Amino acid sequence: MSRKPETVNRLKAIEDVDVNCKRVLIRLDLDVPLAKLQAPSSKLQVTDDTRLQNSLQTIQYLVDKKAKITIIGHLGRPGGKRVEELSMRPVANWFEVKFPGAGILVEENLRFNPGEENGSPTFAQNIVRRLAPDIYVFDAFASYRPHASVVLMPKLVPAVAAGFRFAAEISHLSKVLENPKKPVIFILGGAKADTKIALIPKLATQADEVLIGGLIGSKVQESTKMYKKVQEGYDSKLRIAELRQDGLDITAESAKVFADKIMRAGTVVWNGPMGKFEDGKHSAGTEVVARAMNQTKAYTVVGGGDTEAALTAFGLESGIDWISSGGGAMLYYLTNATLPFLEAIK
């Protein structure tokens with residue numbers, strides 16, 4: 001059964017808001033890896049700028065409109081205190097290189113203040129009062145926790161709009177929920193087993209089949225309570241891959257079964273590799289699934305950093321219809337048909 005998702009219909013697109021010469025507060029996904037790429041004394045630099053690249057269309061649009069731009073976001077998990085290694089300075093430098101002379105301000109890591117994760121109204125009010133923005137633009141799809149900058153700040157600004165990337169995420173993922181091409185298959189693997197296992201019953205209500213690979217499958221079977229819950233109505237939809245003897249990859253037979261199902265599907269959503277693909281010795285199962293995703297005529301959606309890394313390692317990312325910028329956010333949206341930000345601006 002298809003589900004009618006929350007869309008950006010109630011939220012204006014950035015093109016529908018007058019941003020000319022206005023003060024714009026924009027929430028972005030800034031949680032990127034940092035490292036010292038040169039000498040030991042060199043400064044930290046962004047080592048994977050995929051998430052920052054995703055914001056370029058929105059930022060360029062605002063720059064062209066001569067908006068006064070302030071960027072906010074978080075980096076890592078500093079626990080509500082200042083951690084120099086998680087400062088936004090490398091991110092600010094990245095934007096300065098991309099937009100020299102544009103005067104873009106990047107605020108310090110929001111999570112340096114416990115008020116961000118605690119959802120403090122005072123924290124949100126203080127930032128909005130200090131920056132006095134005319135417009136709040138949300139372009140941080142991967143930021144799906146109900147934190148202050150996500151669910152409180154938008155309510156304190158005169159106008160709210162969706163950035164280009166956020167609008168694209170909702171548009172592409174809505175195709176999975178709203179009258180999807182059948183059969184619909186979800187593939188789960190990778191880490192964060194407990195989080196993903198809890199989603200299986202919800203995913204099974206939407207999917208024709210849920211394919212489980214990697215250690216998640218064994219954890220489902222080990223969890224008697226979860227397995228019984230799955231069996232109550234969804235066991236016929238659930239297929240758990242067999243693991244190789246070392247437990248670090250799925251068997252060739254299971255990989256072939258998954259690939260065959262992908263090739264016959266109408267819609268496929270994949271989150272999480274099938275094994276420890278990064279060491280080369282246990283990449284076969286993940287590669288078989290990735291190749292099937294690349295070759296199938298189904299509508300394909302992939303989410304999660306490890307899954308995207310696997311596709312890139314095999315040179316197969318170009319064949320995917322949509323690669324989401326947030327694996328956890330993707331699964332949240334697909335199981336709830338909404339996000340905390342969308343709920344906040346109702």
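I began with helix H7 (residues 164–177), where Arg165 and Glu169 are 4 residues apart and so separated by about one helical turn. Helices (H or I, at least four residues) and strands (E, at least two) are DSSP runs, numbered from the N terminus. The model is predicted, so I noted that local features need pLDDT of at least 70 and side-chain atom pairs pLDDT 80 or more, whereas totals for chains, interfaces and linings use all residues. Residues are numbered from 1 along each chain as its sequence is written, and side-chain values use heavy atoms, without hydrogens and water.

**Entry 1: salt bridges**

I looked up the Arg165 and Glu169 side chains and found that they meet in a salt bridge, 3.3 Å from N to O. A salt bridge here is a side-chain nitrogen of Lys or Arg within 4 Å of a carboxyl oxygen of Asp or Glu. Arg165 counts as buried at 16% relative accessibility, and Glu169 is buried at 0%. For these classes, buried means under 20% relative accessible area, exposed over 50%, and partly exposed in between (1.4 Å probe, protein chains only).

By this rule I recorded 15 salt bridges. In one of them Arg130 pairs with Glu107, with the closest N and O atoms 2.6 Å apart. Arg130 lies in helix H5 (residues 121–131) and Glu107 in the loop between strand E6 (105–106) and helix H4 (114–118), so the pair ties together parts 23 residues apart in sequence. Arg130 is exposed at 51% relative accessibility, whereas Glu107 is buried at 11%.

I also looked up Lys346 and Glu343, whose side chains meet in a salt bridge of 3.2 Å, N to O. Lys346 is exposed at 59%, and Glu343 is partly exposed at 35%. Arg82, Glu84, Arg89 and Glu108 are joined into one network by salt bridges that share partners.

**Entry 2: nonpolar cores**

I defined a nonpolar core as a set of buried Ala, Val, Leu, Ile, Met, Phe, Trp, Tyr and Cys residues joined through side-chain atoms within 4.5 Å. The largest has 57 residues, of which Met153, Phe166 and Phe341 touch the most other members. Helix H8 (residues 193–206) supplies the largest share of this core, 6 residues. A second, separate core of 29 residues includes Val24, Ile26, Val32 and Leu52.

I then listed contacts, meaning heavy atoms within 4.5 Å. Leaving aside neighbours within four places in sequence, Met153 is in contact with residues including Leu25, Ile72, Phe123 and Tyr136.

**Entry 3: cavities and a pocket**

I worked on a 1 Å grid over the protein atoms alone: a cavity is a set of points where a 1.4 Å probe fits but cannot get out, and a pocket is an open set with protein on both sides within 12 Å along at least five of seven lines; lining residues have an atom within 4 Å of a point. Grid points are joined across faces, edges and corners, and a volume is the space filled by probe spheres set on the points.

I counted 2 cavities of 30 Å³ or more. The largest holds about 50 Å³. Its lining consists of Leu28, Asp29, Arg51, Asn54, Ser55, Asp139, Arg165 and Ser325. Arg165 of the H7 salt bridge is thus among the residues that line this cavity.

The second largest pocket has a volume of about 260 Å³. Of its 15 lining residues, Gly190, Ala191, Leu215, Gly275 and Lys276 are the closest to its centre.

**Entry 4: Gly189 and Thr307**

I placed Gly189 in the loop between strand E9 (184–188) and H8, where it is buried at 0% relative accessibility. Beyond four places in sequence, its contacts include Lys196, Asn271, Gly272 and Pro273. Thr307 in helix H13 (residues 305–313) is buried at 1%. Beyond four places in sequence, Thr307 is in contact with Trp270, Asn271, Gly272, Pro273 and Val302.

**Entry 5: backbone**

Most residues other than glycine have a negative phi, and most peptide bonds are trans. I found the Lys182 to Pro183 peptide bond to be cis, with omega near -10 degrees; Pro183 is in the loop between H7 and E9. Lys66, which is not a glycine, has a positive phi near 60 degrees. Lys66 sits in the loop between helix H2 (56–64) and strand E5 (68–72) and is exposed at 61%. Ala337 also has a positive phi, about 60 degrees, but is buried at 6%.
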